[in-house]
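Student: Hey, can we go through this one together? I'd like to get a feel for the metal site and the pockets.
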Amino acid sequence: MQIDGACHCGAISFTAEADPSRVMVCHCADCQVLSGAPFRAVVAVPIEGFRLRGQPKSYIKVAQSGNRRAQVFCPECGTPLYATAPENPTSVVIRLGCVTQKAQLKPAAQIWAHSAMPWLPQLQEVPASPEQQGYLPPKA
Ligand SMILES: [Zn+2]
Ligand SMILES: [Zn+2]
């Protein structure tokens, strides 16, 4: 399917051809920090169908294995956009949060489950409000 997305400020946008079965959740500690969220959801797409508009920045993450990954983000608003190989990339791993069609992209797999937040399975039971009403302010 054709997907598109943009960062929060709109300086960077993209389109891609995505296979909806290539959607994944990663619970690793790096993804938690780099995404600013309890886990990261991504869709891997071939680089051939990926079109980028704008000038993003990248941060090179070096894994314990020595593997290098470019973590690409908007230099204006900081939105994480995708990760790719720093040299000769063949695919782009797009962050689902900035994809317009994310509601249709249900994850097919989860990895690094051993570092997943222990409360994730209970999220269904947490009181939910359709909008901001019901938010509990910090106690004084
Ligand atoms: Zn931006
Ligand atoms: Zn990860």
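Tutor: Sure, one term to start with: helices (H or I, at least four residues) and strands (E, at least two) are DSSP runs, numbered from the N terminus. Also keep in mind that this is a predicted model.

Student: Got it. Which residues coordinate the zinc ion (ligand 2)?
Tutor: Cys26, Cys28 and Cys31 do that, each through its SG atom, at 2.1 to 2.3 Å.

Student: And what spacing do the donors follow along the chain?
Tutor: The pattern for the zinc ion (ligand 2) is C-x1-C-x2-C.

Student: Are Cys26 and Cys31 buried or exposed?
Tutor: Both Cys26 and Cys31 are buried.

Student: Okay, pockets now. What volume does the largest pocket have?
Tutor: About 640 Å³. It has 28 lining residues, and the closest to its centre are Cys26, Cys28, Cys31, Lys61 and Trp112. You've met three of those names already: Cys26, Cys28 and Cys31 coordinate the zinc ion (ligand 2).

Student: Nice. Which elements each supply at least two residues of that lining?
Tutor: There's one helix label in the list, α1 (29-35), along with the strands β3 (23-26), β4 (40-46), β6 (57-62), β7 (68-73), β9 (91-95) and β10 (109-111).

Student: How do the lining residues of the largest pocket divide?
Tutor: Into 15 nonpolar, seven polar and six charged.

Student: How much space lies in the second largest pocket?
Tutor: About 210 Å³. Its lining includes Ser35, Phe39, Arg40, Thr79, Arg95 and Cys98, and the lining residues split into six nonpolar, three polar and two charged.

How values were computed. Residues are numbered from 1 along each chain as its sequence is written. Chains are lettered from A and ligands numbered from 1 in the order in which they are written. This is a predicted model: local features need pLDDT of at least 70, side-chain atom pairs count only at pLDDT 80 or more; totals for chains, interfaces and linings use all residues. Side-chain values use heavy atoms; hydrogens and water are left out. Donors are N, O and S atoms within 2.8 Å of the metal (3.2 Å for Na, K and Ca); water is not among the atoms, so sites may look incomplete. Buried means under 20% relative accessible area, exposed over 50%, partly exposed in between (1.4 Å probe, protein chains only). On a 1 Å grid over the protein atoms alone, a cavity is a set of points where a 1.4 Å probe fits but cannot get out, and a pocket is an open set with protein on both sides within 12 Å along at least five of seven lines; lining residues have an atom within 4 Å of a point. Grid points are joined across faces, edges and corners, and a volume is the space filled by probe spheres set on the points. Ala, Val, Leu, Ile, Met, Phe, Trp, Tyr, Cys and Pro count as nonpolar, Asp, Glu, Lys and Arg as charged, and the others, Gly among them, as polar.
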